[in-house]
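Work through the following exercises with the sequence and the 3D structure open beside you. Each task is followed by a solution that goes step by step.

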Amino acid sequence: MSSESKKIKIGLEVHCQLTSLKTKLFCNSPSDYREKPPNTNICPVCIGTPGSLPVLNRNALNYATMVASSLNFEIMSHMIFFRKNYFYPDMSKNFQITQYDRAGGVPFAINGYILLNDGRKIRLGRMQLEEDPAKISYDGTIESSSETYVDYNRAGIALIEIVTEPDLESPSDAREFLNKLSSILEHLNVLDLGLEGSVRCDANISHRGGKRVEIKNISSFKEVERALNFEMTRQKSLASKGISVSQETRHWDDVRRITISLRLKEEEQDYRYFPETDLVPVTLSETFIEKINHDMPELPKEREIRFQQEYNHSSEIARVLVKDKYLADYSEKAAKESIAPREVGILLAVNLPPFLNEIGKDLKSLDVAPEHFAELADMISKGEVSRRSAKTIFLEMLKTGQKPRNIFDKKGLDVISDSKSIEDIVTKIFKDNPEAVKDAAKDTKAINFLLGKIMQETQGRVDPSIATKLVKQKLSVQ
Amino acid sequence: MKTPKHPISEKEVSHLAELARLELSGKDVTEMRLHLNKILDYFKMIDEVDTEGISPTYHVFDLVNVLRDDTPHSPESKDLLENVPKKKGRYIKAPRMI
């Protein structure tokens, strides 16, 4: 068996709303539909009343060009829109305005890519600009509901669709890819990932050159890795039982966290794609694209390099910080306030994530100002607190939102630096633990026990190297 | 029977009906097939025109880049909802889909 056929191959089809737009893609209905009563943000265009005519949103075109350019796409200089026809109430005109790469259609852009951390290139086949369909609710479940309730508030919202080649080799690759993509889109200020339903994803996955399974209805980027892990395990377990995987579409159930087989009625040719002649073609000149590139905000990759130069972060730390625009902005605020920006980076990129993981919250929901991180970093770099005390202060600061300096004063965590005080402590520990002292004289490993006692006694306020030196000295004269 | 003269089969008519969520009886399918094939035969006249070397026309005018500014208008939902035949609250009712 070749190594190629052992591999897992994953491709993604990502839909992102351009949430910074104030209006929908083809009409002036406001785009702020979340929390609005059903069918509030609608007009004749987005509910498709006869005679209404769509007109393209200028900013949607600008934003899509920015996205395509930052994802290394070749942008089409002449493009048209297509109708994708189907009978489903989420588009009341019975078609969706989209773009198409066949039957004479031209997508927005082709042949883009994103690089993963290890340098692997994830090819992006094409990008399209299209309208989001309406949201449908049911009485109970999709199977049991006797009728459906349609809310056209979302119908017509601008979406970009990005389709990857099957270049991802694991569910964690997919996570890394989506992190990079979302950080780019957030740095462009075109997407707010925090808005419910702003991104959605379909995934296809095949195992050891087997049949391809498509997973639909993954409603957030976080769910993608989970859905792929489930599907990978399912396919591996089928393979181990000698059952072949059938080519099918499965539905991700994010409540039960499983994929379920779904029979789709429409095949590609059933959509009867043809040009949307209510819209005129779009041409993008080189000058236009150059201007967009010129005005482009700083992208994560550039920011990562600047962070290393400006704040002396290591490349690893810089990479973690720019993974999420909120964290990157936050770290930059803190770094600017600190005399030790490198320490700020370590606190935010190394020490913070495990804490957030443990409490299941994100940085946004903590009541801690960037200045607090700056203050703690300064205290560490000036040697006012030991690493161990810094950790105590760090955790207390995250839990209570208090300033590091206040916690430090309250807890008396200043470093014990005069040698007389340290000697007194060492003497006390030796006196309290005569057995351990005997052991330590014979076996150097037992020194750690004594050191541990010293740290305990002083709540880690002693520099470990000084303590070790003193313990060794004292042992040698025993 | 699939002959060049009758390009659409009964099976295809049934499939179309299913996609369009229409219920057709066996008799309807036979009749629709005849109608559809007549229409297609009629349109075949277009095939007689020689289009060799002519690029497709998507639009009759040479207009490009008709764009509008991203400025919201106040929505007109009240009048639009009055035209909706079936509602539940502010939701628009549609038949079940499975």
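A helix here is a DSSP run of H or I with at least four residues, and helices are numbered from the N terminus. The model is a predicted one.

**Exercise 1.** Find the helix in which A:Asn357 has its place, and decide whether this residue is buried or exposed.

Solution. Begin with the location: A:Asn357 lies in helix α9 of chain A. Next, recall the cut-offs, by which a residue is buried under 20% relative accessible area and exposed over 50%. The relative accessibility of A:Asn357 is 66%, and therefore this residue counts as exposed. As a last step, look along the chain to A:Pro44, which is 313 residues away from A:Asn357 in sequence and 47 Å away in space, taken from C-alpha to C-alpha.

**Exercise 2.** Decide in the same way whether A:Glu343 is buried or exposed, and state which residues are in contact with it once its neighbours within four places in sequence are left aside.

Solution. A:Glu343 is also to be looked for in helix α9 of chain A, which covers residues 341–359. Its relative accessible area is 12%, so A:Glu343 is buried. When the neighbours within four places in sequence are set aside, the residues in contact with A:Glu343 are A:Ala377, A:Ile380, A:Ser381 and A:Arg387.

**Exercise 3.** Describe chain A as a whole, starting from its secondary structure and going on to its radius of gyration.

Solution. First, the secondary structure of chain A consists of 16 helices and 17 strands. Then turn to the radius of gyration, which is 29 Å for chain A, whereas a compact globule of 478 residues would have a value near 23 Å. The C-alpha trace of the chain spans about 95 × 55 × 45 Å along its principal axes. Of the 478 residues in chain A, 52% are buried. Finally, if one takes the contacts in chain A between residues at least 6 apart in sequence, 68% of them join residues at least 24 apart.

**Exercise 4.** Work out how helices α1 and α2 of chain B are oriented to each other, and which residues meet where they are in contact.

Solution. Take the axes of α1 (residues 10–19) and α2 (residues 26–43) of chain B, which come within 9 Å and cross at roughly 100 degrees. Angles from 65 to 115 degrees count as roughly perpendicular, and α1(B) and α2(B) are therefore roughly perpendicular to each other. On the side of α1(B), B:Glu10, B:Val13, B:Ser14 and B:Leu16 take part, and they meet B:Val29, B:Thr30, B:Met32, B:Arg33 and B:Leu36 in α2(B). Sorted by kind, the residues of this contact comprise five nonpolar, two polar and two charged.

Technical notes:
Residues numbered from 1 in each chain as written. Chains lettered and ligands numbered in written order. Predicted model: local features only at pLDDT ≥ 70, side-chain atom pairs only at ≥ 80, totals over all residues. Heavy atoms only, no water. Axes fitted to C-alpha atoms, helices over the stretch in contact; angles between N-to-C directions. Helix = DSSP H or I, 4+ residues; strand = E, 2+ residues; numbered from the N terminus. Parallel < 35°, antiparallel > 145°, perpendicular 65-115°, else oblique. Contact = heavy atoms within 4.5 Å. Nonpolar A, V, L, I, M, F, W, Y, C, P; charged D, E, K, R; others polar. Rg over C-alpha atoms; globule rule 2.2 N^0.38 Å. Buried < 20%, exposed > 50% of the residue type's maximum accessible area, 1.4 Å probe, protein only.
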